[in-house]
Amino acid sequence: PPTMEEVWQQVHTLYSAQGNAERTAADEWLRAHQASAAAWTSLDLLLRAEGLPEEGYFFAANSLRSKIRRNDVTQLEEGARELLRASLMEHIFKFRHGPMVVRKQLCLAFSEYAGRFDGGKSDIVQDVCTSLSQSPETVPVLLEILLLLGEEADHVQEKYQGLPPDESHPLLISAWAAALGVLNFLHQCFETAAKEQNAVARSQACKPIVATFCRWLRFGAVGPEQLVQSPIVHAALQSLADPELYEPASDLICELAYVSRDLSTGTPVFQLLTSNLGNFYNLYHAAVQKDDEMGARAIARIVSEMGESYCDVLSQASADAVQMVQLLVQVASHPETRIACLTYSFWWRLCSALKACDDATRAQRVGSLREPLVQLARTLAKSAAFPEDCDEWDQPQEDEFKNYRMETLYDAMLDVCDMLGGA
């Protein structure tokens, strides 16, 4: 098999040769080598080498990830697979300060390895936490790996749904066992980050913590009563006006709505989120007035997820429910289609919930909701009109709008007309 030096020479040629023929030949050589079992050794040696340019390390890290994604792990015997896990951790530690593109590929390789390799020990999350939680300098890379492991475990959970715990995937077993410890660790990190005096630095420090906290909620380690007391949850609710935190904060609040949709257990979270409805209203309208599409979309995602998760309650048409439906109608009137259509799934759910009522109850509830529903019908009709600048569209833009009118918008209008037909 080729030596590490020979592999590096081809990488160097690929990135630095002047002629296309040389680069093409190097690319073909590297692709063939990357697919071979011998590449496991040469890529490992490249990452262990000192003093290489960034492209050498990036090639090795990216190639390891590609081999794992292709399930080339089957080229290794079981003992070597466990050694791969250990060597990936060593490389992650080596590149903990960067280059960040190399670190990112290694973290992705590690998380994907954890999700694809269903043999070996089921303590991978605990091992990561033990290895990288000993020093403040390793906390950023630990947060990155925990975020990716949470995402990977969530994907695995979908495949193994319904199986008893002892037959589940090792990553899932590890995630369930480690979830409480991970969430406690995140609270400790947040406590430190919240002390940062500089607002920009504080937001940047909190961003990965909030994002990782969101990913680990689905493993059921914290009950609703504890969640509503979490300083991370309250910080997310207070951070929806901070552009740096739009995405992680709205992700977390959407996740809270989703996990609390069963009100037999989720009532504390439901009460916390619905008590912030006035704040969501103000934030949404402030974003619209500033033409802040990212801010408006963050709030639109939250109220749409709340609408879908709490649809049975909203369909009862109490005064508070009508207020939330009115906000959803206002979101549906946003001029940006990608924001407005976030609400459309809710209208279908609301229509289905009202259909399930007896005639008298349905008539009463639709009567209470009639004003916002009529406003919604007008909004949808207006949205169906071609905009004034449509003459400037190219054919793909025109086709996209026509498809939106005939499919998405048409279905939403049918749902609204179906509901108003019972009034």
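The crossing of helix 21 and helix 22 is left-handed, a crossing being left-handed if the near helix is turned anticlockwise from the far one by less than a right angle, and right-handed if clockwise. The model is predicted, with local features requiring pLDDT of at least 70 and side-chain atom pairs counted only at pLDDT 80 or more, whereas totals for chains, interfaces and linings use all residues. Residues are numbered from 1 along each chain as its sequence is written, and side-chain values use heavy atoms, without hydrogens and water.

Helix 21 spans residues 359-383 and helix 22 residues 395-420; their axes lie 8 Å apart at an angle of about 160 degrees. Axes are lines fitted to C-alpha atoms, for helices over the stretch in contact, and angles run from 0 to 180 degrees between N-to-C directions. Because angles over 145 degrees count as roughly antiparallel (under 35 roughly parallel, 65 to 115 roughly perpendicular, the rest oblique), helix 21 and helix 22 are roughly antiparallel to each other. In terms of contacts (heavy atoms within 4.5 Å), the residues of helix 21 that meet helix 22 include R362, R370, L373 and L380, and the helix 22 side includes F401, Y404, M413 and D418.

The protein as a whole contains 22 helices and zero strands, where helices (H or I, at least four residues) and strands (E, at least two) are DSSP runs numbered from the N terminus. The C-alpha trace spans about 80 × 55 × 50 Å along its principal axes. Of the contacts with a separation of 6 or more, 69% join residues 24 or more positions apart. Of the 423 residues, 46% are buried, that is, under 20% relative accessible area (exposed over 50%, partly exposed in between; 1.4 Å probe, protein chains only).

The largest nonpolar core comprises 132 residues, and V125, W216, F280 and W347 have the most contacts inside it. Helix 9 (residues 170-193) gives the most to this core, with 12 residues. Such a core is a set of buried Ala, Val, Leu, Ile, Met, Phe, Trp, Tyr and Cys residues joined through side-chain atoms within 4.5 Å. With residues up to four places away in sequence not counted, V125 touches L146, L149, L171, S174, A175, A178, V182 and W216.

With a disulfide defined as a pair of cysteine sulfur atoms within 2.5 Å, the count is zero. C341 is in no disulfide, the nearest cysteine sulfur being that of C254 at 14 Å; C341 is partly exposed, at 29% relative accessibility. For C417, the closest cysteine sulfur, in C351, is 9.9 Å away, too far for a bond. C417 is also partly exposed, at 44% relative accessibility.
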